Amino acid sequence: QVQLVESGGDLVQPGGSLRLSCAASGIIFSINNMYWYRQAPGKERELVAVITNSGSTNYADAVKGRFTISRDNAKNTVYLQMTTLKPEDTAVYYCSARRAGWGPASASWGQGTQVTVSS
């Protein structure tokens, strides 16, 4: 059974930093592309960052230069380092795994972790 467990969400002041973690089990982690999405209240879920099974990364324009996605295949964990946080980064952040080359319907999802950026 696939399980993705996010952690690290918190209340942080604007300009602050957080690191989110997502621990995976029940999958062959190294062959999966890993994604971070977020969903703000009243908005659709949006892709934040992706790291492929080969380590290539891509980011949404809104977070480029501020967020960094990374993975540790030995720990079956993907990270999202977030810096210079803004109030508009407030959202529930979700981790997702999808085997490389498979379609979106095959993705597995975590339960989400809340990030709130506020003074």
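Mentor: Helices (H or I, at least four residues) and strands (E, at least two) are DSSP runs numbered from the N terminus, and with those terms threonine 84 can be placed in the loop between S8 and S9. The model we are reading is predicted, so that local features need pLDDT of at least 70 and side-chain atom pairs count only at pLDDT 80 or more, whereas totals for chains, interfaces and linings use all residues. Residues are numbered from 1 along each chain as its sequence is written, and side-chain values use heavy atoms, with hydrogens and water left out.

Trainee: How many helices and strands are there in the protein?

Mentor: There are zero helices and eleven strands, and from the N terminus on the elements run β-β-β-β-β-β-β-β-β-β-β.

Trainee: Why is threonine 84 called partly exposed?

Mentor: Buried means under 20% relative accessible area and exposed over 50%, with partly exposed in between (1.4 Å probe, protein chains only). Threonine 84 has a relative accessible area of 44%, so it is partly exposed. Its phi is near 45 degrees, a positive value in a residue other than glycine. Asparagine 76, in the loop between S7 and S8, has a phi near 50 degrees, again positive in a residue other than glycine, and its relative accessible area of 26% makes it partly exposed.

Trainee: What makes cysteine 22 and cysteine 95 a disulfide?

Mentor: A disulfide is a pair of cysteine sulfur atoms within 2.5 Å, and the sulfur atoms of cysteine 22 and cysteine 95 are 2.1 Å apart, so the pair qualifies. A search of the whole structure finds one disulfide. Cysteine 22 lies in strand S3 (residues 18–25) and cysteine 95 in strand S9 (residues 91–99), so the pair ties together parts that are 73 residues apart in sequence. Both cysteine 22 and cysteine 95 are buried.

Trainee: Why is the disulfide of cysteine 22 and cysteine 95 called left-handed?

Mentor: The torsion about its S-S bond is about -75 degrees, so the disulfide is left-handed.

Trainee: Which residues touch the most other members of the largest nonpolar core?

Mentor: A nonpolar core is a set of buried Ala, Val, Leu, Ile, Met, Phe, Trp, Tyr and Cys residues joined through side-chain atoms within 4.5 Å. The largest such core has 27 residues, of which Trp36, Val78, Leu80, Met82 and Tyr93 touch the most other members. Among the elements that give two or more residues to this core are S3, strand S4 (32–39), strand S8 (77–82) and S9. Taking contact to mean heavy atoms within 4.5 Å, and not counting residues up to four places away in sequence, leucine 80 touches, among others, Leu18, Leu20, Trp36, Val48, Phe67, Ile69 and Tyr93.

Trainee: How do you know that serine 21 counts as buried?

Mentor: Serine 21 has 16% relative accessibility and therefore counts as buried, the limit being under 20%. Serine 21 is in strand S3, and beyond four places in sequence it touches Val5, Glu6, Ser7, Trp36, Thr77, Val78 and Tyr79.

Trainee: What joins S1 to S3?

Mentor: Two strands pair if DSSP finds at least two bridges between them; five bridges join S1 to S3, which run antiparallel, and therefore these strands pair. Serine 7 stands opposite serine 21 in S3. Along strand S1 (residues 3–7) the side chains alternate, with Leu4 and Glu6 pointing to one face and buried, while Gln3, Val5 and Ser7 point to the other and are not.

Trainee: In which sense do S9 and S11 pair?

Mentor: S9 and S11 pair in the antiparallel sense over three bridges, and tyrosine 93 has threonine 113 in S11 as its bridge partner. By contrast, strand S2 (residues 11–12) and S11 run parallel, joined by two bridges, with leucine 11 opposite threonine 116. Side chains alternate along S11 as well: Thr113, Val115 and Val117 point to one face and are buried, whereas Gln114 and Thr116 point to the other and are not.

Trainee: Why does the radius of gyration of the protein agree with a compact globule?

Mentor: The radius of gyration is taken over C-alpha atoms, and the globule rule is 2.2 Å times the number of residues to the power 0.38. With 119 residues a compact globule would have a value near 14 Å, and the protein has 13 Å, which agrees. Buried residues make up 41% of the 119 residues.
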